[in-house]
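Student: I'd like a close look at a single part of this model, with the numbers attached. Keep it informal, but don't skip the detail.

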Amino acid sequence: MEAKRVSSEKRIIWVDVVKYICILMVMLSHLEVKTALWQVFYSPFFLSAFLFVSGYVYIPEKKGFKKFLYKKFRQLFIPWLIFSLFNIFLSQILSFNAHRELFTELMWNFLQIRGQGDGVWFVAALFVAFIPFYFFINWYESKSDKIGGGTAYVPLQS
């Protein structure tokens with residue numbers, strides 16, 4: 001299998017599947033009922049795998065920070081907002097625990113106050129983490145003496 005630079009338009013299916021499974025598993029780890037085995041092993045594994053795979057396929061944006069931020073807003077922030085709302089609405093309907101007003105939980109979720117309807121916090125964290133990562137990668141790509149030879153390459157499907 002030959003390693004080639006992946007264009008920003010081409011999707012790598014196995015990466016999307018891994019990220020989907022990891023997102024689902026991290027969300028499930030925030031359920032009110034879970035086993036000790038789930039808490040000890042699965043929760044940290046899926047979160048780490050999600051963050052690793054997201055960075056593994058990152059390609060520096062050559063069209064400027066504004067374009068980069070808009071793209072990440074579409075890819076991460078909007079889905080985070082939709083799934084957060086879905087998560088809060090479901091917990092309001094299905095949970096037996098006491099809840100605050102819907103508006104209060106939505107505000108706490110938006111502000112990312114820990115433990116308050118933040119079941120998909122890791123997507124918001126990824127959105128925020130990509131901002132300094134953008135500047136670091138652009139700085140690194142501009143260097144002539146790169147460690148390990150330079151630009152990131154990922155294997156394509158055969």
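Student: Let's start with Val53: is Val53 buried or exposed, and what is its relative accessible area?

Tutor: Val53 is buried, with a relative accessible area of 7% (buried means under 20%, exposed over 50%, partly exposed in between, with a 1.4 Å probe and protein chains only). One caution before we go on: this is a predicted model, where local features need pLDDT of at least 70 and side-chain atom pairs need 80 or more, while totals for chains, interfaces and linings use all residues. Numbering runs from 1 along each chain as its sequence is written, and side-chain values use heavy atoms, leaving out hydrogens and water.

So where does Val53 live? You'll find Val53 in helix H2, residues 36-56 (helices are DSSP H or I runs of at least four residues, strands E runs of at least two, numbered from the N terminus). Setting aside neighbours within four places in sequence, Val53 is in contact with Val15, Val18 and Lys19 (contact means heavy atoms within 4.5 Å). Lys19 is 34 residues from Val53 along the sequence, yet their C-alpha atoms are 7.0 Å apart in space.

Now step back to the whole protein. There are five helices and two strands, and from the N terminus on the elements run β-α-α-α-α-α-β. Of the 158 residues, 30% are buried, so Val53 belongs to that fraction. Look at contacts between residues at least 6 apart in sequence, and 71% of them join residues at least 24 apart.

A good place to see such long-range partners is where H3 (residues 65-94) meets H5 (residues 121-142). Their axes lie 9 Å apart and pack at an angle of about 170° (axes are lines fitted to C-alpha atoms over the stretch in contact, with angles from 0 to 180 degrees between N-to-C directions). That makes H3 roughly antiparallel to H5 (over 145 degrees; under 35 is roughly parallel, 65 to 115 roughly perpendicular, the rest oblique). The H3 side of the contact consists of Phe65, Phe68, Leu69, Lys72, Phe73, Leu76, Phe77 and Trp80. Facing them from H5 are Trp121, Val123, Ala124, Leu126, Phe127, Phe130, Ile131, Tyr134 and Phe135.

Zoom in on Phe127, which lies in H5. Phe127 is buried at a relative accessible area of 15%. Beyond the neighbours within four places in sequence, Phe127 is in contact with Leu69, Lys72, Phe73, Leu76 and Phe77. Take Phe77 from that list: Phe127 and Phe77 sit 50 residues apart in sequence, but 6.7 Å apart from C-alpha to C-alpha.

Lys72, on the H3 side, is worth a pause. Lys72 is buried, with a relative accessible area of 12%. With neighbours within four places left aside, Lys72 is in contact with Phe77, Phe127 and Phe130. The Phe130 partner is a nice one to display, as the charged end of Lys72 sits over the Phe130 ring, 4.1 Å from the ring centre (NZ of Lys or CZ of Arg within 6 Å of the centre and within 35 degrees of the ring normal).

With so many rings about, let's turn to how they pair. Rings of Phe, Tyr and Trp (its six-membered ring) pair if their centres lie within 6.5 Å; planes under 30 degrees apart are stacked, over 60 edge-to-face, the rest tilted. By this rule the count is 13 aromatic pairs. One of them joins Phe77 and Trp80: the ring centres are 5.2 Å apart and the planes stand at 45°, so the pair is tilted. Both residues lie in H3, three residues apart, about one turn of the helix. Phe77 counts as buried at 17% relative accessibility, and Trp80 is buried at 3%. Tyr134 and Phe135 form an edge-to-face pair, 5.1 Å centre to centre with 80° between the planes. Tyr134 is buried at 6%, whereas Phe135 is partly exposed at 46%. Ring pairs also link Phe65, Phe68, Tyr134 and Phe135 into a cluster.

Finish with Ile137, also placed in H5. Ile137 counts as buried at 13% relative accessibility. Apart from neighbours within four places in sequence, Ile137 is in contact with Tyr58 and Pro60. The C-alpha atoms of Ile137 and Glu61 are separated by 9.3 Å, although their positions lie 76 residues apart along the chain.
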